[in-house]
Amino acid sequence: MSWYTILFGAADRNDKGERAYASYFEVAYPFTVKTVDMKAGVGMVPWNAATTYNCGDRDFYVQNVFLNAGKTWDIKGADGMKIGIFTNLIWNPALDDVNFVGGFSFRM
């Protein structure tokens, strides 16, 4: 579980123009399928932060439903270095938007 709150920022306003202390709450569950690391979760905005999250004057809404998958391999001969590949499927029901992200990672 994760919780994020904006404490300072000019854009942190609700639909009435008052400080919103915009927050985002996320619940995620990591698991493994065969040798692929996965994570599924859902993120919510618990109260109105219209200008911060661009979703109108709703008080509570689900902003993020996601499924992540990734695989990492050790690089032989390079002590502690790893290379990986990842994908993310992300749905934002508040904005009726879907995104697919993929990429490579390199860790030293």
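Here a biologist and a modeller talk through a predicted model and the reasons behind the words used for it.

Biologist: Happy to look at this with you! How confident is the predictor in the chain, taken as a mean pLDDT?

Modeller: The mean pLDDT is 85, and 87% of the residues reach 70 or more. Among the elements, strand 5 (residues 82-92) has the highest mean, 95, while helix 1 (residues 50-53) has the lowest, 60.

Biologist: What makes residues 50-53 a helix?

Modeller: A helix needs a DSSP run of at least four residues, and 50-53 is such a run, so the name helix 1 applies. The chain has one helix and six strands, in the order β-β-β-α-β-β-β from the N terminus on.

Biologist: And how do the strands come together in a sheet?

Modeller: Six strands form an open sheet in the order 1-2-3-4-5-6, with antiparallel pairing. Strand 1 (2-5) and strand 6 (97-107) stand at the edges. The twist from one strand to the next averages 20°.

Biologist: Why are strands 1 and 6 called edges?

Modeller: Each has a single partner strand, so one side of each is left without a neighbour in the sheet.

Biologist: How do you know that strand 2 and strand 3 pair?

Modeller: Pairing takes at least two bridges. Nine bridges join strand 2 (residues 23-33) to strand 3 (residues 36-45), so the two strands count as paired, and they run antiparallel. For Thr 32, the bridge partner in strand 3 is Asp 37.

Biologist: Good, now the loop between those two strands. What stands out about the phi of Lys 34?

Modeller: Lys 34, in the loop between strand 2 and strand 3, has a phi near 55°, which is positive in a residue other than glycine. Asp 96 also has a positive phi, about 55°, although it is not a glycine. Asp 96 lies in the loop between strand 5 and strand 6.

Biologist: Why are Lys 34 and Asp 96 called exposed?

Modeller: The word calls for a relative accessible area over 50%. Lys 34 is at 80%, so it counts as exposed. Asp 96 is at 67%, and therefore earns the word too.

Biologist: Lovely. What makes Asp 74 and Lys 82 a salt bridge?

Modeller: The cut-off is 4 Å between a side-chain nitrogen of Lys or Arg and a carboxyl oxygen of Asp or Glu. The closest N and O atoms of Asp 74 and Lys 82 are 2.7 Å apart, so the pair qualifies. The structure holds one salt bridge. Side chains of opposite charge can pair when their charged atoms come close.

Biologist: Are the two partners, Asp 74 and Lys 82, exposed or partly exposed?

Modeller: Asp 74 is exposed, with a relative accessible area of 57%. Lys 82 has 31%, which lies between 20% and 50%, so it is partly exposed.

Biologist: Why is Met 81 called partly exposed?

Modeller: Its value is 25%, and buried would need under 20% and exposed over 50%, so Met 81 is partly exposed. Met 81 sits in the loop between strand 4 (61-74) and strand 5.

Biologist: Which residues does Met 81 contact, leaving aside neighbours within four places in sequence?

Modeller: Met 81 is in contact with Trp 73, Asp 74, Ile 75, Phe 106, Arg 107 and Met 108. Arg 107 is 26 residues away from Met 81 in sequence, yet their C-alpha atoms are 5.5 Å apart.

Biologist: Finally, how much of the chain is buried?

Modeller: Buried residues make up 28% of the 108 residues. The accessible surface comes to about 7400 Å², with 62% belonging to carbon and sulfur atoms.

Definitions and conventions. Residues numbered from 1 in each chain as written. Heavy atoms only, no water. Axes fitted to C-alpha atoms, helices over the stretch in contact; angles between N-to-C directions. pLDDT = per-residue confidence, 0-100. Buried < 20%, exposed > 50% of the residue type's maximum accessible area, 1.4 Å probe, protein only. Areas by Shrake-Rupley, 256 points an atom, 1.4 Å probe, with all protein chains shown as cover. Contact = heavy atoms within 4.5 Å.
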